[in-house]
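User: I am new to this structure and would like a close look at a single part of it. Please take me through how two of its helices pack together, and then through one residue at that contact.

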Amino acid sequence: MRLQRDGGEVRSEGLGFPDLLMSAMLAGTLSLFAIAAFAQSKTAKPVAGTEQLVPGIIFLLALAGGVVAFLVIRKVPLAGVFRPIRVAPWRAIGRGGLLLLAALPIVGLFSLIALLLPQDMQQEQELVTLFGDVSKSGNLETIVLIVLAAVVVAPLCEEFVFRGYFYPVWKRYFGPVGSAVLASTLFALMHVNIASLPGLFALAMCFTVAFEISGSILVPITMHAIFNSLSLVMLYLRAQGMV
């Protein structure tokens, strides 16, 4: 099968050694940020606040924008790398929904690993706690900002960088499996929550498989947006005592 032979539909044409250096620099920087955040959480548990939302959104936009600028300077055709129009938007939504449905049991199984952790390490992500708090208080402005960050900005920027750029660059040098594991591990670490690491790793691997199957970055973007949307809906219903 083609998927077994050369890894699927994702190609690395136009990407080369300069991209390997750039991706290594970005990945190293992101890893240092994640390690620093983990270390800080051990000494004093940080509490997410509304003042952190806008900087977080700006950071993701800057990260994705930096990758775009680098590729433009190198005159690498973006459409050739990310192939965003390979699947029509309405088909990407349908495929993304179906593939996410298939991925959820896998993500759920990996998430159960968190139950093996000590109780003090099973804390939920800070943004999850914040969304629950503002949902209870009815802070509409913050609710909208979190929805914008989680359903629009994060899927677009994170998929663009992790699946759209890191994965094909590293695939060229480390193969599809090695690249998928590296990119998925970094993706999970960037969310800075030990309990969420296994589930996020599995989710990122599923996003990568979806990208390989479809050849279009729109499909994992759609999966990511739907997953985050469902998570926020469940958190909101929980905060209202409806589940």
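Analyst: For the packing described here, an axis is a line fitted to the C-alpha atoms of a helix over the stretch in contact, and the angle, which can run from 0 to 180 degrees, is taken between N-to-C directions. In this predicted model, helix H8 and helix H9, the latter covering residues 218–239, pack at an angle of about 145°, and their axes are 8 Å apart. On the H8 side the contact is made by Leu203, Cys206, Phe207, Ala210, Phe211 and Ser214, while H9 contributes Val219, Pro220, Met223, His224 and Phe227. Sorted by class, the residues in this contact of H8 with H9 are 9 nonpolar and 2 polar, with no charged residues.

Leu203, which lies in helix H8, is a useful residue to follow from here. Because its relative accessibility is 2%, Leu203 counts as buried, the cut-off for that word being under 20%. Leaving aside neighbours within four places in sequence, Leu203 is in contact with Leu100, Val107 and Phe227, and Phe227 is also one of the H9 residues that make the helix contact. The C-alpha atom of Leu203 is separated by 8.8 Å from that of His224, although the two residues are 21 residues apart along the chain.

Helix H8 has a further role to note, since the largest nonpolar core has 31 residues, and helix H8 (197–214) is among the helices that each supply at least two residues of this core. The largest share of the core, 15 residues, comes from H7.

Note on methods. Residues numbered from 1 in each chain as written. Predicted model: local features only at pLDDT ≥ 70, side-chain atom pairs only at ≥ 80, totals over all residues. Heavy atoms only, no water. Core = buried A, V, L, I, M, F, W, Y, C linked by side-chain atoms within 4.5 Å. Buried < 20%, exposed > 50% of the residue type's maximum accessible area, 1.4 Å probe, protein only. Helix = DSSP H or I, 4+ residues; strand = E, 2+ residues; numbered from the N terminus. Contact = heavy atoms within 4.5 Å. Nonpolar A, V, L, I, M, F, W, Y, C, P; charged D, E, K, R; others polar.
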